[in-house]
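Open the model in your viewer and keep the selection tool at hand. The tour goes from one selection to the next.

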Amino acid sequence: FIDCDQRESSAYEGSTSKVNEQEAAVAMVLLRELDKASTELEKQGKIKVSKDKKVDERPSIGVICTYGDQANLIKKKRKYQQFSGFSGKQDERLVISTVDDFQGDERDIIIVSMVRNPAHYDRANADFIKKFERINVALSRARKMLIIVGSKKFLSEKEETPEKISDDEKKSLQDEIESEIAEVGEIMEYTYPTTDLLDAPK
């Protein structure tokens with residue numbers, strides 16, 4: 001999880017769609033660093049790529065956004081950038097899209113841009129957080145690594161659980177989820193900007 005504190009803004013005057021410039025910038029940093037790491041592994045022979053033998057072990061990447069205009073913003077930022085460290089397979093190529101458009105698709109590494117961080121939390125409509133089906137799609141598309149980019153403060157304060165679930169039950173569920181994740185990897189949290197992000201395990 002990468003914690004970002006910059007406020008959201010409207011995509012354009014009168015628009016109900018939202019964008020978050022900082023999260024878009026973080027997504028681009030992540031794409032560049034992942035591309036660099038993968039390219040280095042290929043040079044070291046740890047990742048095999050052979051067009052003749054139809055072998056491509058480079059990781060596939062996807063960026064999922066909770067708002068369409070955020071996806072468009074990130075697409076615009078990466079328009080003139082070429083990434084050679086990502087999978088070239090037709091159905092595994094880099095994709096930047098919304099949660100709804102990503103249903104049924106998967107990638108090795110998924111970056112999720114949560115976007116929302118309004119100036120006034122109490123007036124903010126956070127319906128997207130309550131739509132568990134959409135959040136489930138966003139958080140379950142990664143085969144190997146999930147990176148969530150968002151405002152920890154806003155997401156924590158807008159967190160909602162059914163009244164019938166007690167704090168103890170909620171804590172138990174959280175511990176169970178973290179335990180399952182620990183069996184296959186680890187949970188890391190950063191606050192942007194940070195140099196630690198670039199030193200994270202490859």
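Start with Ile-74. Beyond its neighbours within four places in sequence, Ile-74 is in contact with Ala-24, Ala-27, Met-28, Val-63, Cys-65 and Ile-96. Keep in mind that this is a predicted model.

**The main core**

Ile-74 belongs to the largest nonpolar core, which has 23 residues. Add Leu-31, Ile-111 and Val-149 to the selection: with Ile-74, they touch the most other members. Now colour by element. H1, E6, H2, E8 and strand E9 (142-150) each supply at least two residues of this core. H1 gives the largest share, seven residues.

Select Ile-64, Ile-110, Val-112 and Ala-138 next. They are among the 12 residues of a second, separate core.

**Helix H2**

Select H2, residues 68-77. Which of its residues are buried? They are Gln-70, Ala-71, Leu-73 and Ile-74. Look down the axis: these residues lie on the same side of H2, because they cover an arc of only 160 degrees around it. Now show what they pack against. The partners are strand E3 (18-19), helix H1 (21-43), strand E6 (61-65), E7 and strand E8 (107-113).

**Ser-87**

Move along the chain to the loop between helix H2 and strand E7 (95-98), where Ser-87 is found. Is Ser-87 buried or exposed? Its relative accessibility is 6%, so Ser-87 counts as buried, the cut-off being under 20%. Show the residues around it. Leaving out neighbours within four places in sequence, Ser-87 is in contact with Asp-56, Arg-58, Pro-59, Ser-60, Glu-92 and Arg-93. Then draw a distance from the Ser-87 side chain. One of its polar atoms lies 3.3 Å from the backbone nitrogen of Lys-89.

**Arg-116**

Go to the loop between E8 and helix H3 (127-130) and pick Arg-116. Arg-116 has a relative accessible area of 6%, and therefore it is buried. What does its side chain meet? It makes a polar contact of 3.2 Å with the side chain of Tyr-67.

**Lys-46**

For a contrast, select Lys-46, in the loop between H1 and strand E4 (49-50). Lys-46 counts as exposed because its relative accessibility is 57%, and the cut-off for exposed is over 50%. Its side chain has a polar contact of 3.3 Å with the side chain of Gln-44. Outside its neighbours within four places in sequence, Lys-46 is in contact with Leu-41 and Glu-57. Add Arg-58 as well. Lys-46 and Arg-58 are 12 residues apart in sequence, and their C-alpha atoms are 9.8 Å apart.

**The whole chain**

Zoom out and show the cartoon. The chain has six helices and 10 strands. Of its 202 residues, 40% count as buried. Among contacts between residues at least 6 apart in sequence, 76% join residues at least 24 apart. Switch to the surface: the accessible area is about 12,600 Å², and 47% of it belongs to carbon and sulfur atoms.

Last, colour by pLDDT. The mean for the chain is 83, and 80% of the residues reach 70 or more. Then select residues 197-202, where the pLDDT is below 50. Beyond near neighbours in sequence, this stretch has 11 contacts in the model. Where pLDDT is low, predicted coordinates should not be read in detail.

Definitions and conventions: Residues numbered from 1 in each chain as written. Heavy atoms only, no water. Helix = DSSP H or I, 4+ residues; strand = E, 2+ residues; numbered from the N terminus. Buried < 20%, exposed > 50% of the residue type's maximum accessible area, 1.4 Å probe, protein only. Polar contact = N/O pair within 3.5 Å; in protein donor to acceptor, adjacent residues only side chain to side chain. Contact = heavy atoms within 4.5 Å. Arc of directions from axis to C-beta. pLDDT = per-residue confidence, 0-100. Areas by Shrake-Rupley, 256 points an atom, 1.4 Å probe, with all protein chains shown as cover. Core = buried A, V, L, I, M, F, W, Y, C linked by side-chain atoms within 4.5 Å.
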